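Q: How can labels such as "buried" or "salt bridge" be justified? The turns that follow set values against definitions and draw conclusions.

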Amino acid sequence: MRTPSYEARRIVDDLAQQMLTMPEKLRLLPGVFFRELCAAEDIAHTAAEIEQSIAANVALAGRREYLLSVFLSCVHAAACIRLPQHRAWPAVMDAQRHAGVALAHFVSFAEASEVKKARARHAKNAQTKANDTIRLYVLDAAARSTALRTPSSAAANIAKKLDNAPGGLVEALKNFESSLKADSVERVFADYIRKDVDRLLPLCPGERLTQPEKQKRFERWKKLYVCPAND
């Protein structure tokens, strides 16, 4: 048989489940609120103090309205534990109403977070596409190098040649319509090469190579990149 106290605890538990994606110090709040209010001699006085504390906490910016709704749900849930049954059920309904408001805030927050992630992914994909031309240029140049024996030395040499061209490195990046910054190209070029070496010559999990082995691997990558059939 459903009782007001059972429903009150269920609502608090549902709020705690809803907050599992949040930092631990926040996800524990529904249970903390409920226990503290149930133990209070004067629920109304304790509730007013806690509500004021939440409203004044600058660290909760962006989540304040959501947490206030969670808290108010817990207030009514705690109140129904002490009330006679004919008054407890309306308190349960009030607790559920505030829990519904909290859910609306939660969904809105989650949707905003997904939009932000989608925009970040789109920006990253656009940046990657913008740098495809220069990435392929770097890989081609590295694969056709002869005296250079490591990805980092190849990257440094390629960057130096671009810098020595008319207009220097900045103008070269513009010609490639690249979004790269001049002060980071050596690192990025080396990363392009290493990732393609790993693509064509993947290592086993935990495999470690000596420097001479790394150099031989780089030489083998050059052959595979220029002529995939030449293994």
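**Reasoning from values to labels**

Q: Why is valine 226 called partly exposed?
A: Valine 226 has a relative accessible area of 43%. Partly exposed covers the range between under 20%, which is buried, and over 50%, which is exposed. The value of 43% lies in that range, so valine 226 is partly exposed. The model is a predicted one, and valine 226 is placed in helix 11.

Q: How far apart are valine 226 and alanine 143 in sequence and in space?
A: In sequence, 83 residues separate valine 226 and alanine 143. In space, the distance from C-alpha to C-alpha is 6.5 Å.

Q: What makes lysine 222 count as buried?
A: The relative accessibility of lysine 222 is 4%. Buried means under 20%, so lysine 222 meets the definition. Lysine 222, too, lies in helix 11.

Q: Which residues does lysine 222 touch, leaving aside those up to four places away in sequence?
A: Lysine 222 touches Ala142, Ala143, Ser145, Thr146 and Leu148.

Q: Why can the approach of lysine 222 to the backbone oxygen of serine 145 be called a polar contact?
A: The side chain of lysine 222 reaches that backbone oxygen at 3.2 Å. A polar contact requires a pair of N or O atoms within 3.5 Å, one able to donate a hydrogen and the other to accept it. The distance of 3.2 Å is within the cut-off, so the distance condition is met.

Q: How do you know that glutamate 7 and arginine 2 form a salt bridge?
A: The closest N and O atoms of glutamate 7 and arginine 2 are 3.0 Å apart. The definition asks for a side-chain nitrogen of Lys or Arg within 4 Å of a carboxyl oxygen of Asp or Glu, so this pair qualifies.

Q: Are glutamate 7 and arginine 2 buried or exposed?
A: Glutamate 7 has a relative accessible area of 6%. Because buried means under 20%, glutamate 7 is buried. Arginine 2 has a relative accessible area of 53%. Because exposed means over 50%, arginine 2 is exposed.

Q: Where is glutamate 7 found, and which residues does glutamate 7 touch, not counting those up to four places away in sequence?
A: Glutamate 7 is found in helix 1. The residues touched are Arg2, Trp89 and Val92.

Q: What makes the pair of aspartate 14 and arginine 10 a salt bridge?
A: Their side chains meet at 2.9 Å, N to O. This is within the 4 Å limit, so the pair is a salt bridge. Both residues lie in helix 1 (residues 4-18), four residues apart, which is about one turn of the helix.

Q: Why do aspartate 14 and arginine 10 count as partly exposed?
A: Aspartate 14 has a relative accessibility of 40%, and arginine 10 has 29%. Neither value is under 20% or over 50%, so both residues are partly exposed.

Q: Which residues are linked with one another in a network of salt bridges?
A: The network links Arg2, Glu7, Arg10 and Asp14.

Q: How do you know that aspartate 132 and arginine 135 form a salt bridge?
A: The closest N and O atoms of aspartate 132 and arginine 135 are 3.6 Å apart. That distance is within 4 Å, so the definition is satisfied. The two residues are three residues apart in helix 7 (residues 132-143), and about one helical turn therefore separates them. Aspartate 132 has a relative accessible area of 27% and is partly exposed; arginine 135 is also partly exposed, at 27%.

Q: How many salt bridges does a search of the whole structure find?
A: The search finds nine salt bridges.

Q: What is known of the second largest pocket and its lining?
A: The second largest pocket holds about 280 Å³ of space. Of its 16 lining residues, the closest to the centre are Pro151, Arg194, Val197, Lys214 and Arg217. Helix 8 (151-164), helix 10 (185-200) and helix 11 (211-226) each give two or more residues to the lining. Helix 11 provides the largest share, five residues. The lining divides into five nonpolar, four polar and seven charged residues.

Q: What secondary structure does the protein chain have?
A: The protein chain has 11 helices and zero strands.

Terms used: Residues numbered from 1 in each chain as written. Predicted model: local features only at pLDDT ≥ 70, side-chain atom pairs only at ≥ 80, totals over all residues. Heavy atoms only, no water. Buried < 20%, exposed > 50% of the residue type's maximum accessible area, 1.4 Å probe, protein only. 1 Å grid on protein atoms, 1.4 Å probe; cavity = no way out; pocket = protein on both sides within 12 Å on 5 of 7 lines; lining within 4 Å. Points joined across faces, edges and corners; volume = space filled by probe spheres on them. Nonpolar A, V, L, I, M, F, W, Y, C, P; charged D, E, K, R; others polar. Contact = heavy atoms within 4.5 Å.
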